[in-house]
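Got your viewer open and a selection box ready? Here is a short walk from stop to stop, with something to click at each one.

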Amino acid sequence: RIRVEATSDTKKTLSSWLIFSQEYSPSHEAVRRFLEHRQLNPSSDEEKEKTYRDASRNRRVEAFFKLKENGFPEFPKGGEAFALLPTNVKLPVGVHIQADWLLTQSRQEFMDADLKTNVWHREIIMSIPKISREFFRWIVGESGPASGDWIQIYKILPALDEKALDSYSWFFGGDEGDPITTSPFLQALQKELFSECILPVHRPENSIDFKTPAEARLLPKSLNDYCGNEEMVPWELFGTEVVDTTFLEEKSLDTLAKLGLLSELTASELEVLWKDGKVKTWYKNFSEQDRFSNLSSVLNGLAPLDSDLAWKSAKLACLPAQSGQFITREDAILYPSDWIDITQDESLLTIMKDFLSDDETMIDWNFQKHVQNSYTRATHFFKEITQYDLNIWAQVWWDSLPTEVLDPDLLDHIV
């Protein structure tokens with residue numbers, strides 16, 4: 001990695017550039033393609049040996065971009081191919097690439113650019129994933145910039161939408177029916193980045209940290225929509241390996257996902273994470289006035305996931321019981337929908353409570369009331385929870401009453 005400074009001839013301003021360099025040794029097949037392009041055909045054995053030796057020397061591929069005053073990258077709108085001087089060839093990566101490209105006589109276009117057929121160009125292009133790896137090591141490491149617009153760093157990666165895959169099929173080199181998994185470039189890029197700290201994760205006070213794709217987890221979209229903001233303190237609820245998507249544009253998310261560098265948090269992982277009271281600890285950190293609304297947001301995010309059997313059957317300890325502990329839907333019981341009417345009569349409430357399950361399984365009544373009055377997706381999360389039917393409950397209570405002489409006080413309660 002080299003930092004250079006240059007002064008503009010016209011503006012007389014000093015600008016800084018960063019260059020990443022990767023050396024490689026051309027293969028025998030690539031050298032042969034190089035010699036064909038140069039139309040070199042030495043006559044003597046000595047000349048042949050010298051020509052081959054010169055052509056097969058180690059080569060360098062260099063990626064470069066401008067730096068802002070704070071040392072953060074200022075990527076171009078699109079990468080271009082350079083062969084000492086700029087060409088007209090646009091590249092799908094977000095940096096300029098200097099290399100010994102094989103050019104036409106105008107030196108503006110590639111000669112036979114296709115990755116599948118031009119081995120010389122293939123070996124140049126296949127050096128870029130290693131440069132991408134070194135870029136991420138620098139940008140997130142101690143020698144990189146301390147601050148900046150982190151969302152911009154993923155511009156070094158190519159877009160992988162249908163238009164980009166079609167426009168740059170010569171660069172990616174994949175099969176038409178499966179352009180990503182058959183692309184030698186994209187597979188090499190995935191391999192180089194998989195063990196690197198490239199994914200931004202949540203940290204308190206708007207700070208940023210990075211984890212590897214093997215460590216980091218992306219929240220399912222509905223959970224991320226409701227719980228991914230700083231106010232919800234997601235690092236306390238889901239752990240410090242949760243991807244912070246505020247630093248990832250849609251293009252970046254799409255590219256990382258298609259490269260297999262984003263793993264979504266699974267129901268079984270969250271089940272393990274929450275089984276020892278993590279939700280309760282998170283919940284207690286909020287003021288009393290915010291607790292119900294924030295917990296409702298969690299249920300809002302979980303409710304749409306019930307369309308997936310794994311999520312629907314997951315034992316997620318995220319519901320407050322009357323006891324103060326947090327329990328799963330499987331263990332929980334809801335009060336009757338018209339329980340609010342019972343609460344208006346203290347004497348009747350005292351009697352009916354004898355027929356309730358214990359406080360370890362009954363949902364916190366005030367939270368249940370909050371959710372039912374909110375008319376949000378959280379109410380759908382309640383649909384899988386057993387709920388007492390007041391009519392059946394009253395019948396059980398009635399059947400429990402004595403059939404002989406009644407105590408006058410008990411008779412008053414019946415009436």
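For the opening stops, call it a salt bridge when a side-chain nitrogen of Lys or Arg is within 4 Å of a carboxyl oxygen of Asp or Glu. Keep in mind that you are looking at a predicted model. A search of the whole structure with that rule turns up 17 salt bridges.

**Stop: a pair inside one helix**

Select Lys50 and Asp54. Their closest N and O atoms are 3.0 Å apart, and that makes the pair a salt bridge. Both residues sit in helix H2 (residues 45-55), where a spacing of four residues is about one turn of the helix. Color by accessibility and both come out partly exposed: Asp54 because its relative accessibility is 38%, and Lys50 because its relative accessible area is 47%.

**Stop: a pair between helices**

Now pick Arg133 and Glu192. Their side chains meet in a salt bridge, 2.8 Å from N to O. This one ties together distant parts of the chain: Arg133 belongs to helix H4 (residues 128-140) and Glu192 to helix H7 (residues 184-193), 59 residues apart. Are these partners buried or exposed? Arg133 counts as buried, since its relative accessibility is 18%, and Glu192 is buried too, with a relative accessible area of 15%. The cut-off at work here is under 20%.

**Stop: a pair between loops**

Jump to Lys315 and Glu330. Here the side chains form a salt bridge at 3.5 Å, N to O. Again the pair links distant parts of the chain, 15 residues apart: Lys315 is in the loop between helix H14 (309-312) and strand E10 (319-320), while Glu330 is in the loop between strand E11 (326-327) and strand E12 (333-334). Lys315 is partly exposed, given a relative accessible area of 42%, whereas Glu330 counts as exposed at 56% relative accessibility.

Before leaving salt bridges, select Lys130, Arg133, Glu134, Arg137, Glu192 and Glu196 together: bridges that share partners join them into one network.

**Stop: a negative patch**

Show the surface and highlight Asp161, Glu162, Asp166 and Glu176. They gather there in a patch of negative charge. One of them, Asp166, is found in helix H5 (residues 162-167). Asp166 counts as exposed because its relative accessibility is 59%.

**Stop: the cysteines**

How many disulfides does a search of the whole structure find? Zero. Take Cys318, which is in no disulfide: the nearest cysteine sulfur belongs to Cys227 and is 10 Å away. A disulfide needs the two sulfur atoms within 2.5 Å, so that pair does not qualify. At 0% relative accessibility, Cys318 counts as buried. For another cysteine, click Cys197, which counts as partly exposed at 32% relative accessibility.

**Last stop: backbone angles**

Why look at phi at all? Most residues other than glycine have a negative phi, so positive values are worth a click. Select Arg107, where phi is positive, near 60°. Arg107 is in the loop between strand E7 (96-98) and helix H3 (119-125), and counts as partly exposed because its relative accessibility is 46%. Then go to Val233, whose phi is also positive, near 50°. Val233 lies in the loop between helix H8 (221-227) and helix H9 (234-238).

How values were computed. Residues are numbered from 1 along each chain as its sequence is written. This is a predicted model: local features need pLDDT of at least 70, side-chain atom pairs count only at pLDDT 80 or more; totals for chains, interfaces and linings use all residues. Side-chain values use heavy atoms; hydrogens and water are left out. Buried means under 20% relative accessible area, exposed over 50%, partly exposed in between (1.4 Å probe, protein chains only). Patches are made of residues with over 30% relative accessible area and no salt bridge: like charges are joined within 9 Å, nonpolar side chains (Val, Leu, Ile, Met, Phe, Trp, Tyr) within 5 Å. Accessible areas come from the Shrake-Rupley method with a 1.4 Å probe; for residues, only the protein chains shown count as cover. Lys and Arg count as positive and Asp and Glu as negative; His and the chain ends are not counted. The place of a charge is taken as NZ of Lys, CZ of Arg, CG of Asp or CD of Glu. Helices (H or I, at least four residues) and strands (E, at least two) are DSSP runs, numbered from the N terminus.
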